[in-house]
Amino acid sequence: MNWRRLSLVPYRLRLLLRAAFVFLMAATVGLALSVLQQEKQLSYKNYQGSFQKTRVQVAATLRHPTGQLALLNPQPATAGKALHPLLLPFAALDFDDLQKVQQAVAMSGCLAQYGNNGSLCVGIGNNPWAGGFIYVAGTFDGAQLVPHTRGDQVVDQAHRVRVKISLRGQTYEWIAPFEESTEPQTPGQRFGGMRGRLTGFAAADVARAKAPAVKDFRGWIWQNPRCTGQTAGDDDSTCKRSAFFSLRLPIGVLQDALFEKRRPVWPPEDLDHIDVHIAVLPPGDGAPLLDSATGPSAPAFSLADLKPMLLPGESLQIRRLADSASPAAALPLLVGPVDPEDQSWHFVTTLIRHLPVDAYDVPLEAKEVIATPAGSYEVLLKGDVRSVSKSLSVVASRLVWFVGAMLAALMLAWLVIEIGIIRRIKVLIKRADDVGERVKAAKGFSEADLADLRGEDELGVLATGLHDLLRRVREDVERGNIRAEQERDMWHAVGHEIMSPLQSLMVLHGGADDQSNRYISRMQQAIRVLYGRASPSEAFQSSELQVTEVDLTAFLQNVAANAQHVGIDGVVFHGPEEPLTARADEYSLEDVVTHVLRNAERYRLPGSPVTITLEGSDTGATVVIRNQGPQVAPDMLGKIFEYGVSDQPESGAEGNRGQGLFVARTYMAKMGGTIVAQNQVDGVSFILNLQRSG
């Protein structure tokens, strides 16, 4: 099993690269979600602040007389229809005081605009005990006022106001011509223009030329002395001047109803069914300067005008609090407008809605109690936090494209690296591994096909370089195989040429008592070991020994006695007198001892002996060969047994190829023994251990 393929080491860079891209994409999404969460928190806090501002603004508007007028008259005026009186936030109007009546109608906001600089306010007081009167105030532009002569029954030659009121089956109609006042003004009532009364006459009496003035009908008119727009001089009687008028109209039906019950119902329940028509007529038969029948171009302030103050989704509920005189009543619900053009993706809105923020689920509500002269009203403002998510999702939906583009760019870069780089690297590694596996399996060297991976980029250059390298390696392997074949042929030739003379010598020295027979046999065995081998190291390692029982005492005595014949003098044997046997190949063991003795003789002090000591135990036998001389370097004690290791520069020339100790260790291992070298105080010891037979 190839454990390298099962480990994660070859894949850690790929895993790191993929993890980096996953982290980048996760970080991009996390950053977008974090920004959305922070924006949602900020938007929610801003919405809370805006909600409080809306509450204060709505409450301030409703506490103002304009807002109170809208509370008292919740139904807005309908353009193009008859004019109806409004319940004023005042008990009555000071109709004969210009400044007071102008201030009252301006503050209450009851003026509805008609055409160019025209306006009308029609209302009743909120106090029933002030009498059944309808108040009218308004402005118009016209030429200098033409007064009516008091006592003249003809009124159509002067500026006049025509009023018609219909309610409960009754119709009241008056004509009020302008009569210039000659009364002196008080210092607080200084007015530089024309002013005068509007004296009311019943329209039916005017038609019969018998027109007594209506006693309770009151009216005044004031005209600005300056021309509107300064189109002409102020002394020009034909220029347009702004005029303001106010009326108090006595309504008999309303006055009688005040005394029919102990506690009258006020305002009248049919206030919306009281039709009022007002027209300001110039002298003669000209077109009206102001006519309520044309419909207002801009109605008075109403509750519907509060809707633009509300944020999207906010609701405003106004309820009149119950008292002993009237039950509780709810006014129409107002909801803040939502822009239909703001489009967002549903999943973005859902995602933003689920992002947690502080106190987001707490409902936003605010209550206010508005006190008016006609009663108290409870104002309930409710916020809609969903609008925060929706408004934020509109912006987030646009940013989704950018986040998606970033993720797509990361994914594209990932795919480019995976397909263009990592996949090619994997193919390159696999083909290189296949070459290595074939070499390990001794199937020969095969060149990898890398033609499809070549190119001009970095990996293409690497594939080209690897292809060239493998080609050169293949050529080197082929040359090595040729050289090995040549060496094998050479060893065959050498072995053949040496074996023939040795066989002849064996015939000449074939006697058992002939010492030469022993050495000729050793030479034949060495030739057989090396014969036909590719190299000496392979030959020694692949050789087969004949392990038998050997008497080490007699064997070592014989080696010590014959050492002088091979040029090694002074070899001394120390051992037991009785035989000591061990398992070994006699010829191979003699080669081992001879190689060790030659090394000991080469490095011993001149004249010093080389001792061979034999010791035995129940399971093994130990042979110690010791000399006196220099020690072996500590870092070389294990290396001296490797093939080709020698400390002599000219060892090859003298026949010392660094293979003697290598042969000794190889043979000892094949005989089941060991050999080690140890430094002594005055020399070096080689220790040989062999196994004894059972």
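1. In this predicted model, the side chains of D682 and R626 come together in a salt bridge, with 2.2 Å from N to O. D682 sits in the loop between β23 (674–679) and β24 (683–691), whereas R626 belongs to strand β22 (residues 620–628), so the pair ties together parts that are 56 residues apart in sequence. As for their surroundings, D682 is partly exposed at a relative accessible area of 32%, and R626 also counts as partly exposed, with 25% relative accessibility.

2. Some salt bridges share partners, and in this way R55, R63 and E368 are joined into one network. By the rule applied here, the count of salt bridges comes to eight.

3. A reader may also wish to look at R168 and D270, whose side chains meet in a salt bridge of 2.7 Å, taken from N to O. R168 is found in the loop between β5 (160–167) and β6 (170–180), and D270 in the loop between α6 (252–257) and β11 (275–281), so this pair ties together parts that are 102 residues apart in sequence. Which partner is buried, and which is partly exposed? D270 is buried, because its relative accessible area of 19% falls under the 20% limit, while R168 is partly exposed at 43% relative accessibility.

4. D94 and K100 form a further salt bridge through their side chains, with 4.0 Å from N to O. A salt bridge is counted here when the nitrogen is within 4 Å of the carboxyl oxygen, and the value for D94 and K100 is given as 4.0 Å, so a reader should keep the cut-off in mind for this pair. D94 is partly exposed, its relative accessibility being 40%, and K100 is likewise partly exposed, with a relative accessible area of 48%.

5. Turning to the chain as a whole, the protein chain contains 14 helices and 24 strands. Of its 694 residues, 39% are buried. The area that the protein chain exposes is about 38,200 Å², and carbon and sulfur atoms supply 55% of that area.

6. How much of the contact pattern comes from residues 24 or more positions apart? Among the contacts in the protein chain with a separation of 6 or more, such residues account for 68%. Two of the salt bridges described above can be read beside this figure, since R168 and D270 tie together parts 102 residues apart in sequence, and D682 and R626 tie together parts 56 residues apart.

Notes
Residues numbered from 1 in each chain as written. Predicted model: local features only at pLDDT ≥ 70, side-chain atom pairs only at ≥ 80, totals over all residues. Heavy atoms only, no water. Helix = DSSP H or I, 4+ residues; strand = E, 2+ residues; numbered from the N terminus. Buried < 20%, exposed > 50% of the residue type's maximum accessible area, 1.4 Å probe, protein only. Contact = heavy atoms within 4.5 Å. Areas by Shrake-Rupley, 256 points an atom, 1.4 Å probe, with all protein chains shown as cover.
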